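This briefing covers a few strands, the cysteines and one pocket of the structure shown below. The points are grouped by topic.

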Amino acid sequence: MIVAGQHVHIAMGRPAGEGQKIDAAKPAVLMLHGAGLDHSVWTLPARYLAHHDRSVIAPDLPGHGCSAGAPLTSISALADWAWQLLDTLGIAKAVLVGHSMGALTALHMAARRPDRSRHLFLIGAAAEMPVQADLLQAAHDDQHLADALIAMWGFGPAGRIGGNVMPGVQMRLAGQALLDRAKRGVLAADLTACAAYRDGIADAGQVRCTTTLLLGAADRMTPAGKGQQLADLMTQVPGGVRLNILAGCGHMIMAERPNETIDLLRAV
């Protein structure tokens, strides 16, 4: 489909040809991926939700995956684009799900349009996501090095040494391969957008829907303590805040703990 004059690739949790059409009568779930990634990080939860009466919308953000255009340069621009995507699809209200950079985007979306936010589901989130200077420089100068660093830092202990609930898949190498697929400049743009975001505290105070946070206790990129602080900022949210911290889990929560991720998503 076309959004803001550019082709956008959207995954809906079903194989091509199997009713690939958004059903506006079903609850809509928008799933926003993290920096340097694409829609494929949502493969398992998107498939489950699509087969349980949800309209799944898992886009490749501009410049990512199969979507055209340049990567957007701020969380504010990403939030505006995501609302434009939902407008184009005729979706009035949606569950907003985001991982990492996508979580910042979902938080900003919910703060700007609380009337259109059905539930906010933040994975690997914090009010701010500063980026280590050497990583940001590597993203600009040597994307393969940056990808390797994120793949190493992004997983918990089991993921770094090959553990996986899905046999035959080495999480760290698979994660690095996914990052390596990104077009040059995409990761640098994404990390810059994350580092520049300063609205998390203010945005948390504007959210008006029930919010779920899913965090990894071994997350070295957005430490669980920072996510806990975000949850503490949202204690007055109507419907409350549901905080979930997974022991031994790193930042790539959907890959490391797919079953727990699906179990929590099925409840929203």
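Which residue of E6 stands opposite Met31? In this predicted model, Met31 stands opposite Val97 in E6. Strand E4 (residues 28-32) and E6 run parallel and are joined by 5 bridges.

**Strand E4**
- Of the 5 residues of E4, 5 are buried, so the strand is largely enclosed by the rest of the structure.
- The cover extends to both faces: Ala28, Leu30 and Leu32 are buried on one side, and Val29 and Met31 on the other.
- E4 also pairs with strand E5 (residues 55-59), in the parallel sense and over 3 bridges.
- From E4 the chain passes through helix H1 (residues 43-50) to E5, a β-α-β crossover that is right-handed.
- Leu30 of E4 stands opposite Ile57 in E5, and Leu30 also stands opposite Leu96 in E6.

**Strand E6**
- Strand E6 (residues 94-99) is mostly covered, with 6 of its 6 residues buried.
- On one side the buried residues are Ala94, Leu96 and Gly98, and on the other they are Val95, Val97 and His99, so that both faces of E6 are covered.
- E6 pairs with strand E7 (residues 117-123) in the parallel sense, over 6 bridges.
- Helix H3 (residues 101-112) carries the chain from E6 to E7, and this β-α-β crossover is right-handed.
- Val97, which stands opposite Met31 on the E4 side, stands opposite Phe121 in E7.

**Cysteines**
- The count of disulfides comes to 0, with a cut-off of 2.5 Å between cysteine sulfur atoms.
- For Cys249, the closest cysteine sulfur is in Cys194, at 18 Å, and this is too far for a bond.
- Cys249 is buried, with a relative accessible area of 0%.
- Cys209 is buried as well, with a relative accessible area of 4%.

**Second largest pocket**
- The second largest pocket has a volume of about 320 Å³.
- Its lining is made up of 19 residues, of which Pro130, Val131, Leu135, Leu191 and Met221 are the closest to the pocket centre.
- Helix H5 (143-154) and helix H8 (186-196) are the elements that give two or more residues to this lining.
- By class, the lining of the second largest pocket holds 12 nonpolar, 6 polar and 1 charged residues.

Note on methods: Residues numbered from 1 in each chain as written. Predicted model: local features only at pLDDT ≥ 70, side-chain atom pairs only at ≥ 80, totals over all residues. Heavy atoms only, no water. 1 Å grid on protein atoms, 1.4 Å probe; cavity = no way out; pocket = protein on both sides within 12 Å on 5 of 7 lines; lining within 4 Å. Points joined across faces, edges and corners; volume = space filled by probe spheres on them. Helix = DSSP H or I, 4+ residues; strand = E, 2+ residues; numbered from the N terminus. Nonpolar A, V, L, I, M, F, W, Y, C, P; charged D, E, K, R; others polar. Buried < 20%, exposed > 50% of the residue type's maximum accessible area, 1.4 Å probe, protein only. Pairing = 2+ DSSP bridges. Right-handed = clockwise from strand over helix to strand, strands pointing away.
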